[in-house]
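Subject: Structure for you, with notes

Hello,

Here is the structure I promised to pass on. Please open it first and keep it beside the notes.

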Amino acid sequence: MRFDILTIFPEMFASPFEHSILKRAREAGLIDVQLVNIRDFAEDKHHVTDDYPYGGGNGMVMKPEPIAKALRDVEGRSGKGKVILLSPSGKRFDQGIAKGLSAEEHLVLICGRYEGIDERVRESFVDEEISVGDYILTGGELPAMIIIDAVSRLIPGVLGCADSPEEESFSRDLLEYPQYTRPPEFEGKRVPDVLLSGHHAEIVKWRRKEALRKTLIVRPDLLEKADLSREDKKIIEDLKG
Ligand code: 4HQ
């Protein structure tokens with residue numbers, strides 16, 4: 001999959017795709033991340049990308065022409081991709097959206113700065129507006145990294161292992177069960193006996209119960225839409241006491 005990132009701070013992306021899984025995915029040609037500096041498409045002498053808001057008010061707004069030119073340049077070089085604007089007023093990013101995007105061939109991510117971009121860019125070019133959460137950041141760069149990371153690991157071959165069970169609705173809707181590795185005792189705390197028992201069926205049951213317990217305590221809202229069996233519902237009632 002190809003990702004084009006439009007930003008005035010391409011240097012911010014120097015490191016996130018250069019480690020571990022994403023580095024390997026790029027080397028294997030599974031993902032191709034290209035940075036497009038919006039400033040390169042500003043045609044005035046000082047390569048200005050922002051201007052005062054019409055109507056007054058605080059802050060600056062990103063001018064439409066450089067972004068439009070950058071988008072047309074991307075399209076000319078690599079065809080029409082799905083254009084995504086990172087913005088707090090977008091649809092909230094989650095695993096379902098990541099999964100949908102992982103089926104695309106080409107994503108173009110627009111990272112705004114300041115108070116945002118001129119509305120006409122949104123109207124003319126943006127296919128989808130996505131928010132990574134209800135908080136205000138200084139720009140769309142970190143959200144773009146989050147989206148590329150979450151989407152890339154869903155592309156077949158990127159994670160290495162054949163099928164990732166976490167993507168089944170069964171486990172996707174719950175928080176993770178606790179994980180342990182060696183040693184069996186650490187600072188007086190023992191790994192739960194069942195995990196050392198070798199009883200696979202018991203381990204599966206324990207993990208399911210612990211995932212339900214954790215979700216019930218931390219994110220009860222997730223249980224509303226979770227894919228729960230009758231057994232799960234009984235466990236939850238017991239956990240509630
Ligand atoms: N911003 N999810 C303002 C965000 C944001 C978010 C990006 C701040 C765009 C102009 N983007 N700029 N939350 O807070 O995506």
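The notes below go from the whole chain to single residues.

Overall build

Please keep in mind that this is a predicted model. The protein has 10 helices and nine strands. Its radius of gyration is 23 Å, whereas the globule rule gives 18 Å for 241 residues, so the protein is more spread out than a compact globule. The C-alpha trace spans about 70 × 40 × 35 Å along the principal axes.

Of the 241 residues, 40% count as buried. Contacts reach far along the sequence: of those between residues at least 6 apart, 75% join residues at least 24 apart.

Surface and charge

About 14,600 Å² of the protein is exposed, and carbon and sulfur atoms supply 52% of that area. There are 35 positive and 44 negative charges. The mean positions of the two sets lie 4 Å apart.

Helix α10

Which residues of α10 are buried? In this helix, residues 230-240, they are Asp232, Ile235 and Ile236. The three cover an arc of only 100° around the axis, which means that they sit on the same side of α10. That fits the general pattern: an α-helix has 3.6 residues a turn, so residues three or four places apart point the same way.

The face turned away from the buried side carries Arg230, Glu231, Lys234 and Asp238, which are exposed. On the buried side, the cover includes α8 (200-218) and α9 (220-225). Just after α10 comes Gly241, with a positive phi of about 80°.

Backbone points to check

- Pro183: the peptide bond from Arg182 to Pro183 is cis, with omega near 5°. Pro183 is in the loop between α6 (169-172) and β8 (185-186).
- His47: phi is positive, about 50°, although His47 is not a glycine. This residue is in the loop between β2 (32-37) and β3 (50-51). Its relative accessible area is 35%, so His47 is partly exposed.
- Tyr114: here too the residue is not a glycine, yet phi is positive, at about 55°. Tyr114 lies in the loop between β6 (106-111) and α4 (119-125). Its relative accessibility is 37%, so Tyr114 counts as partly exposed.

Best wishes

Conventions. Residues are numbered from 1 along each chain as its sequence is written. This is a predicted model: local features need pLDDT of at least 70, side-chain atom pairs count only at pLDDT 80 or more; totals for chains, interfaces and linings use all residues. Side-chain values use heavy atoms; hydrogens and water are left out. Helices (H or I, at least four residues) and strands (E, at least two) are DSSP runs, numbered from the N terminus. The radius of gyration is taken over C-alpha atoms; the globule rule is 2.2 Å times the number of residues to the power 0.38. Buried means under 20% relative accessible area, exposed over 50%, partly exposed in between (1.4 Å probe, protein chains only). Contact means heavy atoms within 4.5 Å. Accessible areas come from the Shrake-Rupley method with a 1.4 Å probe; for residues, only the protein chains shown count as cover. Lys and Arg count as positive and Asp and Glu as negative; His and the chain ends are not counted. The place of a charge is taken as NZ of Lys, CZ of Arg, CG of Asp or CD of Glu. The arc is that of the directions from the helix axis to the C-beta atoms.
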